[in-house]
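User: Could you take a close look at one chain for me, from the backbone in the loops to the way the helices pack? I'd like it as one connected story, please.

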Amino acid sequence: MSGFETVIGLEVHAHLATRSKLFCACAVGYGDAPNLHTCPVCLALPGALPVLN
Amino acid sequence: MTEPLGTAAELRRALDAGETTSAALVERALARAEATAPRLNAFVGLRAEAARREAAESDARRGREPARSPLDGIPIALKDNIAQAGEPCGCASRILAGYVSPYDATLVERLRAAGAIVVGRTNMDEFAMGSSTEHSCHGPTRNPWDLARSPGGSSGGSAAAVAAGIVPLAFGSDTGGSIRQPASFTGIVGLKPGYGRVSRYGLVAFASSLDQLGPLARSAEDCAAALDVVSGRDPRDSTSLPEPPTRCREALAGDVAGLAVGLPREALAGAGCDPEVSRAVEEGARELEKAGATLREVSLPHTRYAVATYYLICTAEASSNLARFDGVRYGRRAESAAGLTEMYERSRSEGFGREVKRRILLGTYVLSAGYYDAYYRKAQRVRALLRRDFEEALASCDALLLPTAPETAFPLGERTADPLRMYLSDVYTVSANLTGAPALSLPCGFAGGLPVGMQLVGRSGDEATLLRLADAFQRRTDYHLRRPELPA
């Protein structure tokens, strides 16, 4: 192991306490019905572009 | 067969004078599209009923209110990678079979608001990857000037539709020359606006730092009118320029006195350029000089690296952009896969064509750990050098003039097995995408009975000067007025 350097990375998943999504203006509603708060951007439909909300 | 349609400006005058109606123009466009379909294969879908309805609405408005724009009531066509609500947006790919867009691209919204009438979607290389419109799940589009030849690509369907007089105006996308090279091969004008001039919201992304939407038409005047309609800031595209729509049409002064046009030494002495193409472009330069422009030689030393740089950057970005096509939410999904991973793999294996797979593989490779610095980062550094070359050359000139392609339209099938040779068709066009500069191609002569295009590249933000030069050239020449004789 002498030739190796140890690197430890953390990937943190956290829910942001926002009322809308990061890359589109759709509402965030945890627990709501599926496919309710969607638009071409958050569905990644062909041609849609993310814009920082 | 119905007669070919004139330019949008001619049709506008006829509409305003009461000599024709939008309904009649749309019927002619549809009839001509259908009559030429077996030979040209320019369209992948027509929207006949919707177009007839919109034409009737435009006719009902006329006389009661002023025209919404020069394009009000004019039939147009859109490349199959531009989203229109309620229409397929297939990018000539099997992987998007059955997909219908639920929303309009910003460009489509603006065209509709301006009264333009979309009659159909045009053929293209799959996901705009190609220079010949042969890499299409719908089969190749043919060049109206010679049905055995390619119309260029990837916007070959849009170019063929305009050259054959089916519509006066069509839109395409240009990532490395995909508007300009087909315009050159079919004897029409193609404008790639500067990066950010036209919103890309609703254009299916190929390489996001290079893609730009633009018009193809027979006259520079029509391209100017089209740009004025579709340009301007769009909050849904974070790369769109924070500027109002252009006013290029009113800048077409007819004279170009005092403008300096730079001739890049590297392009005109270019090895690999058909001598007849070089000669036609040089004659084009002299015509601009007669119109009052001054010519001077300039140098773009780093353009020799442009094709290599382009194919690193565009494949890297394509591999990322095309990751979204996984068969889960829309488009084609492989049947009876054993699990999720196999479903992804088989959907993509069956859905993408050879050229798209080649570019995804290349792009994934150049972005992979350990190779990123050697390829992608180095390509970005060359891109900065290219940008400096163009800035220095354009410090002493208003525009640069060079061939659009090193050749005229090549035979179908000649290069599909030789990707490197296909890529070299882009040698003169990719630099404007890498630097973000506006550029256009316009017809400047014929070689062996086939159209030759010359390319003008401008300063950032200055589409108006390119269109003014092209318009002045067209007032003095008739290359753009000649039409291919389509066999009945």
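Analyst: **A walk through chain B**

B:Ala92 counts as buried, because its relative accessibility is just 1%, well inside the under-20% limit for that label. Keep in mind throughout that this is a predicted model. B:Ala92 sits in the loop that runs from β2 (75–79) to α4 (106–113) of chain B, and its phi is positive, about 55°, even though it is not a glycine. Most residues other than glycine have a negative phi, and most peptide bonds are trans.

B:Phe127 tells a similar story: its phi is near 55°, a positive value in a residue other than glycine. B:Phe127 belongs to the loop between β3 and α5 of chain B, and at 3% relative accessibility it counts as buried. The loop from β3 (117–122) to α5 (156–163) of chain B also holds B:Ser154, and the peptide bond leading into that residue from B:Gly153 is cis, with omega near 10°. A positive phi turns up on a glycine too: B:Gly18, which follows α1(B), has one near 75°.

That brings us to helix α1 (residues 8–16) of chain B, where B:Ala8, B:Ala9, B:Leu11, B:Arg12, B:Ala14 and B:Leu15 are buried. Their cover includes α2 (22–40) and α7 (220–230) of chain B.

Another buried arginine is found in a loop: B:Arg415, between β9 (399–403) and α14 (419–423) of chain B, counts as buried because its relative accessibility is 6%. Setting aside neighbours within four places in sequence, B:Arg415 touches B:Glu407, B:Phe410, B:Arg421, B:Met422 and B:Ser425.

Now for helix packing. Two packed helices are described by the angle between their axes and the distance between the axes. Helix α10 (residues 306–321) of chain B and helix α12 (residues 354–366) of chain B cross at about 100°, with axes 7 Å apart, so α10(B) and α12(B) are roughly perpendicular. From α10(B), B:Tyr311, B:Leu312, B:Cys314, B:Thr315, B:Ala316 and B:Ser319 meet B:Arg359, B:Ile360, B:Leu362, B:Gly363, B:Thr364 and B:Val366 of α12(B). By class, that contact comes to seven nonpolar, four polar and one charged residues.

Helix α9 (residues 275–290) of chain B packs on helix α16 (residues 463–476) of chain B at about 95°, with axes 10 Å apart, so α9(B) and α16(B) are also roughly perpendicular. Here B:Gly284, B:Glu287, B:Leu288 and B:Lys290 of α9(B) face B:Leu469, B:Phe473 and B:Arg476 of α16(B). The class count for this contact is three nonpolar, one polar and three charged residues.

What about the cysteines? The disulfide count is zero over all chains. B:Cys137, for one, is in no disulfide, and the nearest cysteine sulfur, in B:Cys91, is 9.8 Å away; B:Cys137 itself is partly exposed, at 36% relative accessible area. B:Cys273 is buried, at 10%, and its sulfur lies 10 Å from the closest cysteine sulfur, that of B:Cys444, which is too far for a bond.

Finally, the partner chain. In chain B, 17 residues are in contact with 11 residues of chain A, and the two chains bury about 1100 Å² between them, 63% of it on carbon and sulfur atoms. On the chain A side, A:Pro46, A:Gly47 and A:Leu49 lose the most area to chain B, together 49% of what that side buries.

Terms used:
Residues numbered from 1 in each chain as written. Chains lettered and ligands numbered in written order. Predicted model: local features only at pLDDT ≥ 70, side-chain atom pairs only at ≥ 80, totals over all residues. Heavy atoms only, no water. Disulfide = S-S within 2.5 Å. Buried < 20%, exposed > 50% of the residue type's maximum accessible area, 1.4 Å probe, protein only. Helix = DSSP H or I, 4+ residues; strand = E, 2+ residues; numbered from the N terminus. Contact = heavy atoms within 4.5 Å. Axes fitted to C-alpha atoms, helices over the stretch in contact; angles between N-to-C directions. Parallel < 35°, antiparallel > 145°, perpendicular 65-115°, else oblique. Nonpolar A, V, L, I, M, F, W, Y, C, P; charged D, E, K, R; others polar. Buried area = accessible area lost by both parts, 1.4 Å probe.
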